[in-house]
Amino acid sequence: MQALIHQIASGLAAGGIYASLAVALVLIYRCTESVNFAQGELAMFSTYMAWALVLAGMPFWLAFPLVAVGSFCAGMGIDWLVFRPLRNQPVIAIVAASIALLIIVNSTAGLLFGHELKEFASPFAGLRGGEPYLSAHEIGVLLVTGAELLATFLFFKFTRLGLAMRAVAVNAPSAQLCGIETNSVLAVGWGIAAAAGATAGVLAAPIVFLEPSMMMSPLIYALAGALLGGIGSPWGAVAGGFAVGVLENLLGAYVVGTDLKLTCVMVLIVATLVFCPAGIFGRRSTSRV
């Protein structure tokens, strides 16, 4: 029983990382109606920035907010430079641009930092109280992701900008007619998604080690969580991310082993798209023809 509780608790900690990345995917989906396949690579590059600052002697808890702010600005810049000109283009153009951005960022990180594994020390080494069910880093992950998700909820629920973002996501033309500057609001959405991705990358790096492809698997798990919960629902994506984290741990420990965990998650993605394309908490969209 202790081993089972440990696997569930550890899965919730991993799910916190997936939930953070899933929220970023949902924010971009609501802006573009497409998945940003470069989200993981942007998170990876931000993590390298945090690693470089810490390596230069900056305390982690100063480097982390600086990287989050820098990621926010970079996300807005990417929207302005790449995706705003594609806003009225077919979805395939946005998908192609995000895949191209994935390759560009991955190659740039490899050129600047190399492809060898680098150790990223956990900033939560001093935490105690979760043994034997949770490590210090896993406790820290749950605390940070919990605070992040709470801040996201409060932002969307109680701020004018958050309400404007919700209005634009529901119906951008109507929101624009009401006086909302949709381009600015969507740019802020890209910035928040980039900051959320950076948080996920920094939390994942002590577990998976730092290298240019470190976020490939977490991105797939996050996408599975977002689809399972509902790609149009931030709170559904959060629930899906935590569910995928627990499911991944239980499958790896008791069913298929570590080698087939990713395969099972891919099966989950296909099954969700076939049998419940809107996700558990998503809403089906209908249109008249």
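What follows is a walk through the pockets, the cavity, a surface patch and the salt bridges of this structure. The model is a predicted one, and everything below should be read with that in mind.

The open spaces come first. The largest pocket takes up about 1500 Å³, and 42 residues line it. Those that sit nearest its centre are Arg 30, Arg 166, Ala 169, Val 170 and Gly 232. Quite a few helices chip in: α1 (2-32), α4 (91-113), α5 (136-158), α6 (160-170), α7 (172-177), α8 and α10 (234-254) each give two or more residues to this lining. Sorted by class, the lining comes out as 22 nonpolar, 13 polar and seven charged residues.

The second largest pocket has a volume of about 410 Å³. Its lining runs to 19 residues, and Tyr 18, Ile 207, Val 208, Tyr 221 and Glu 248 are the ones nearest the centre. Here the elements giving two or more residues are α1, α8, α9 (216-229) and α10. Helix α1 has the largest share of that lining, with five residues. By class, the count is eleven nonpolar, four polar and four charged. Glu 248, one of the residues nearest the centre of this pocket, turns up again below among the salt bridges.

As for closed space, there is one cavity of 30 Å³ or more in the structure. The space inside the largest cavity is about 40 Å³. Its walls are made by Ile 28, Asn 36, Gln 39, Leu 42, Gly 75, Ile 78, Trp 190, Ala 193 and Ala 194. Three helices, α2 (39-55), α3 (60-83) and α8 (182-208), each bring at least two residues to this lining, and α8 has the largest share with three. Six of the lining residues are nonpolar and three are polar, with no charged residue at all. Helix α8 thus keeps coming back: it supplies residues to the lining of the cavity, of the largest pocket and of the second largest pocket.

On the outside, a nonpolar patch covers about 750 Å² of surface. Its members are Met 1, Leu 4, Ile 5, Ile 8, Leu 12, Tyr 133, Tyr 254 and Val 255. Helix α1 gives the most to the patch, four residues. Val 255 belongs to the loop between α10 and α11 (261-275). With a relative accessible area of 60%, Val 255 counts as exposed because it is past the 50% cut-off for that class.

Next come the charged contacts, with four salt bridges in total. Two of them involve Asp 79. In one, Asp 79 pairs with Arg 84, the closest N and O atoms being 3.9 Å apart. In the other, Asp 79 meets the side chain of Arg 87, with an N to O distance of 2.3 Å. The acid in the middle is buried, at 0% relative accessible area. Its two partners are both partly exposed, Arg 84 with a relative accessibility of 27% and Arg 87 with 22%.

Another salt bridge joins Glu 248 to Lys 261, and its closest N and O atoms are 3.2 Å apart. Glu 248 sits in helix α10 and Lys 261 in helix α11, so this contact ties together parts 13 residues apart in sequence. Both Glu 248 and Lys 261 are buried. Shared partners, meanwhile, link Asp 79, Arg 84 and Arg 87 into one salt-bridge network.

One last spot is Ala 167, which is found in helix α6. Ala 167 is partly exposed, with a relative accessibility of 30%. Its C-alpha atom is separated by 9.5 Å from that of Thr 182, a residue 15 positions away along the chain. Helix α6, which holds Ala 167, is also one of the elements that give two or more residues to the lining of the largest pocket.

Technical notes. Residues numbered from 1 in each chain as written. Predicted model: local features only at pLDDT ≥ 70, side-chain atom pairs only at ≥ 80, totals over all residues. Heavy atoms only, no water. 1 Å grid on protein atoms, 1.4 Å probe; cavity = no way out; pocket = protein on both sides within 12 Å on 5 of 7 lines; lining within 4 Å. Points joined across faces, edges and corners; volume = space filled by probe spheres on them. Nonpolar A, V, L, I, M, F, W, Y, C, P; charged D, E, K, R; others polar. Patch = residues over 30% accessible without salt bridge, like charges linked within 9 Å, V, L, I, M, F, W, Y side chains within 5 Å. Areas by Shrake-Rupley, 256 points an atom, 1.4 Å probe, with all protein chains shown as cover. Buried < 20%, exposed > 50% of the residue type's maximum accessible area, 1.4 Å probe, protein only.
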